[in-house]
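Student: Hey, got a minute to walk through a structure with me? I'd like to start with how the strands are put together.
Tutor: Sure, pull it up.

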Amino acid sequence: MDLQDLGVCRNGRPVLERIGLRIGAGEFVGLLGPNGAGKTTLLRAALGLLPAEGRSSLAVMGNAERARAAAFMPQGREIAWPMPVESLVALGRIAHPGAARAADRAAVQRAITALHLEDLRHRPATELSGGEQARALIARALAQESPLLVADEPIAGLDPAAQIWVMRLFARLAGQGGGVLASLHDLGLAARFCTRLVMLHQGRIAADGPPETVLTAANLARVFGITAHLARGPQGLLFQPLDIIP
Ligand SMILES: Nc1ncnc2c1ncn2[C@@H]1O[C@H](COP(=O)(O)OP(=O)(O)OP(=O)(O)O)[C@@H](O)[C@H]1O
């Protein structure tokens, strides 16, 4: 994915300005920023779901080509139809109309296993809990088996174990040569699992690089208005928010 000089105005007000971002194979990029910083706007504009200035390599593609290039897990979790979880996950395969049925079934099974949905696969998706619905929607995106996974707050509302295994899954996808771009509010899990962090502040990129270089005291103070402790432990980078800067 390649964004050049991307800009978005809402109601005549710029909410995203001069965004340049290239995400390649093997990267798990965490998109950070306070509420209203422009994370969802960036993800949607990058996918061509919002009118934007500048250029996005995905937005210029036709729908079918884009569906093969990138999967999207949106922030809104509403599931409209009471279809079984398995059928919802299988919707991800629409991106591959010519695929053999066995390939489709295998991709759906892999996604169901990866998101621990075995026991829920025959349940109507509309009757799942919020966290279970989030897992089903991540599985749908995963079943798409596109080289880039774009996810808007994928771990919001998940329990601690599910948050860790979803982050581990995304890190593994990147380790296997995929690309992942996920907006995240949990800076601790972002520090630990992402290969790169992009910090948005008031619609612009304030910092971009490896977690240690982005989660600095100066960036955290300027963008989030917090102090934090950052250290390297046996599990990787450990991040602990400490206080609000008055
Ligand atoms: N439909 C809209 N019309 C007008 N302004 C909008 C619209 N959607 C978003 N905005 C504004 O654009 C800015 C960026 O919103 P966005 O949803 O991208 O933020 P975010 O970083 O994803 O926030 P959050 O962490 O709260 O999800 C905000 O100021 C928001 O009020």
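Tutor: Let's begin with L197, which sits opposite G209 in β9. Keep in mind that this is a predicted model.

Student: OK, and how many bridges join β8 to β9?
Tutor: Five, with strand β8 (residues 196–201) and β9 running antiparallel.

Student: What order do the strands of that sheet come in?
Tutor: The order is β5-β6-β7-β3-β8-β9, an open sheet of six strands with mixed pairing. β5 and β9 (204–209) are the edge strands, and each of them pairs on one side only. On average, neighbouring strands are turned by 15° against each other, ignoring direction.

Student: Which helix packs on the sheet?
Tutor: Helix α6, residues 160–175. Helix α6 touches β3 (28–32), β6 and β7 (179–183), and its direction makes about 150° with that of β7.

Student: Back to the other edge. How does β5 pair with β6?
Tutor: In the parallel sense, over four bridges, with β6 spanning residues 148–152. One pair to look at is A70 with its bridge partner L148 in β6.

Student: And the faces of β5, covered or open?
Tutor: Both are covered. In β5 (residues 70–73), A70 and F72 point to one side, A71 and M73 to the other, and all four are buried.

Student: Switching topic: what's in the loop between β8 and β9?
Tutor: Q202 is one residue with its place there. Q202 is not a glycine, yet it has a positive phi of about 50°. For background, most residues other than glycine have a negative phi.

Student: Is Q202 buried, exposed or partly exposed, and why?
Tutor: Partly exposed, because 15 other C-beta atoms lie within 10 Å. The exposed class stops at 12 or fewer and the buried class starts at 20.

Student: Where else is there a positive phi in a residue that is not a glycine?
Tutor: Try D5, at about 55°. The place of D5 is in strand β1.

Student: Buried or exposed, that D5? And why?
Tutor: D5 counts as exposed because it has 12 other C-beta atoms within 10 Å.

Student: Which sheet has β1 in it?
Tutor: An open one of three strands, in the order β2-β1-β4, with antiparallel pairing. Its edge strands are β2 (13–22) and β4 (53–56), each pairing on one side only. From one strand to the next, the twist averages 25°.

Student: How many bridges between β1 and β4?
Tutor: Three, in the antiparallel sense, with β1 covering residues 2–10. As for L3, its bridge partner in β4 is S56.

Student: What does α1 lie across?
Tutor: β1, β2 and β4, and α1 runs at about 60° to β2. Helix α1 (residues 39–46) also gives three residues to the shell around the ligand, the largest share.

Student: Oh, the ligand! Which residues are around it?
Tutor: R10, N11, V15, G33, N35, G36, A37, G38, K39, T40 and T41.

Student: How does that shell split by class?
Tutor: Seven polar, two nonpolar and two charged residues.

Student: Last one: what does the UniProt annotation say?
Tutor: The unreviewed UniProt entry has "domain: ABC transporter" over residues 1–227. Over those residues the chain is 37% helix and 25% strand, with the end C-alpha atoms 33 Å apart.

Definitions and conventions. Residues are numbered from 1 along each chain as its sequence is written. This is a predicted model: local features need pLDDT of at least 70, side-chain atom pairs count only at pLDDT 80 or more; totals for chains, interfaces and linings use all residues. A residue is near a molecule or strand if its C-beta atom, placed from the backbone, lies within 6 Å of it. Helices (H or I, at least four residues) and strands (E, at least two) are DSSP runs, numbered from the N terminus. Ala, Val, Leu, Ile, Met, Phe, Trp, Tyr, Cys and Pro count as nonpolar, Asp, Glu, Lys and Arg as charged, and the others, Gly among them, as polar. Two strands pair if DSSP finds at least two bridges between them. Axes are lines fitted to C-alpha atoms, for helices over the stretch in contact, and angles run from 0 to 180 degrees between N-to-C directions. Two residues are in contact if their C-beta atoms, placed from the backbone, lie within 7 Å. UniProt positions are given in the numbering used here, feature names are shortened, and annotations may be inferred rather than shown by experiment.
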